[in-house]
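Subject: Structure handover and notes

Hello,

The structure we discussed is below. My notes on it follow.

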Amino acid sequence: MSDDEEDYPTGSGGPDDEEVGLPKTTIGKIIQEVLPNDLWCAKETRDLITDCCLEFVHLISSEANDVCEKETKKTISGEHVLAALKSLGFEDYISEVNGALDDHTKLSKERRKKSTKFDNSGISTEEKLRRQEVLIEQARLSMMNGMTREQT
């Protein structure tokens, strides 16, 4: 992981929190997007904002988990998150989160279509493997030819 991708540690320092963090680059970009161009944010302030974000995520996740358990479900869905936002008094966020959920659903469907397109191509697994082996051999030969040219 590069320095730009490091996670900010959480504030409470509990054993579970050591594994939780948010990418520095992402937090920095979000902060800079909302600030005027001539204003900067101190590292301590970024750390504080990160701690607040993590606490918010924990709060929403915990409430969404409670909603999920009340419905005797084993997986938290987007609807559980929306219900959690409402029950915690964050109704102002629901429309934006709903939009993000819709976008995510559309992207997920597109990804599934792309992955099943190849699966539903009518080509047998053996033929797919044979084609893959041919491509790998072509790449190996191409790489070897390139190495030979560089040495001469």
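Which residue follows H2 and has a positive phi? That residue is Thr72, with phi near 55°. Before going further, please note that the model is predicted.

Thr72 sits in the loop between H2 and H3. Thr72 is not a glycine, yet its phi is positive. Its relative accessible area is 70%, and Thr72 counts as exposed because that value is over the 50% cut-off. A second positive phi comes just after H3, where Gly89 takes a value of about 85°.

Overall layout

The chain has 152 residues, of which 13% are buried. Its secondary structure consists of five helices and two strands. In sequence order the pattern reads β-β-α-α-α-α-α, with both strands ahead of the helices.

Helix H2

H2 covers residues 43–70. It has 28 residues, and the distance from its first C-alpha to its last is 41 Å. The expected figure at 1.5 Å a residue is 40 Å, and the model comes close to that. The buried residues in H2 are Thr50, Leu54, Ile60, Glu63, Ala64, Val67 and Cys68. Some of the spacing in that list can be read against helix geometry. An α-helix has 3.6 residues a turn, so residues three or four places apart point the same way. Ile60, Glu63, Ala64 and Val67 are among the buried residues of H2.

Helix H3 and the nonpolar core

H3 runs over 78–87. His80, Leu82, Ala84 and Leu85 are its buried residues. The largest nonpolar core has five residues: Ile60, Ala64, Leu82, Ala84 and Leu85. H2 and H3 each give two or more residues to this core, and H3 gives the most, with three.

Gly78 is also in H3. Its relative accessibility is 25%. Gly78 is therefore partly exposed, as the value falls between the 20% and 50% cut-offs. The C-alpha of Gly78 is 9.6 Å from that of Asp102, and the two residues are 24 apart along the chain.

Aromatic pairs

There are three aromatic pairs in the structure. One of them is formed by Phe56 and Tyr93, with 6.1 Å between ring centres and 50° between the planes, which makes the pair tilted. Phe56 belongs to H2 and Tyr93 to H4, so the pair links parts of the chain 37 residues apart. Phe56 has a relative accessible area of 32%, and Tyr93 has 44%. Both count as partly exposed. Ring pairs also bring in Phe90, giving a cluster of Phe56, Phe90 and Tyr93.

Pockets

What lines the largest pocket? The lining residues are Phe56, Val57, Ile60, Ser61, Val81, Leu85, Tyr93 and Val97. The space in this pocket is about 240 Å³. H2, H3 and H4 (91–119) each give two or more residues to the lining. H2 has the largest share, with four residues. By class, the lining has seven nonpolar residues, one polar and no charged. Several names recur here: Phe56 and Tyr93 of the tilted pair are in the lining, and Ile60 and Leu85 of the nonpolar core are in the lining too.

The second largest pocket holds about 180 Å³ of space. Its lining is made up of Leu22, Pro23, Thr26, Ile27, Ile30, Ile31, Val34, Ile49, Cys53 and Val57. Which element gives the most to this lining? H1 does, with five residues. Strand E2 (22–23), helix H1 (24–34) and H2 each supply at least two residues. The classes come to nine nonpolar, one polar and no charged. Val57 appears in the lining of the largest pocket and again in that of the second largest.

In short, H2 is a good place to start reading the model. H2 gives residues to the lining of the largest pocket, to that of the second largest and to the largest nonpolar core. Thr72, with its positive phi, comes after H2.

Regards

Technical notes:
Residues numbered from 1 in each chain as written. Predicted model: local features only at pLDDT ≥ 70, side-chain atom pairs only at ≥ 80, totals over all residues. Heavy atoms only, no water. 1 Å grid on protein atoms, 1.4 Å probe; cavity = no way out; pocket = protein on both sides within 12 Å on 5 of 7 lines; lining within 4 Å. Points joined across faces, edges and corners; volume = space filled by probe spheres on them. Nonpolar A, V, L, I, M, F, W, Y, C, P; charged D, E, K, R; others polar. Expected span 1.5 Å × (residues − 1). Buried < 20%, exposed > 50% of the residue type's maximum accessible area, 1.4 Å probe, protein only. Phe/Tyr/Trp six-rings, centres within 6.5 Å; stacked < 30°, edge-to-face > 60°. Core = buried A, V, L, I, M, F, W, Y, C linked by side-chain atoms within 4.5 Å.
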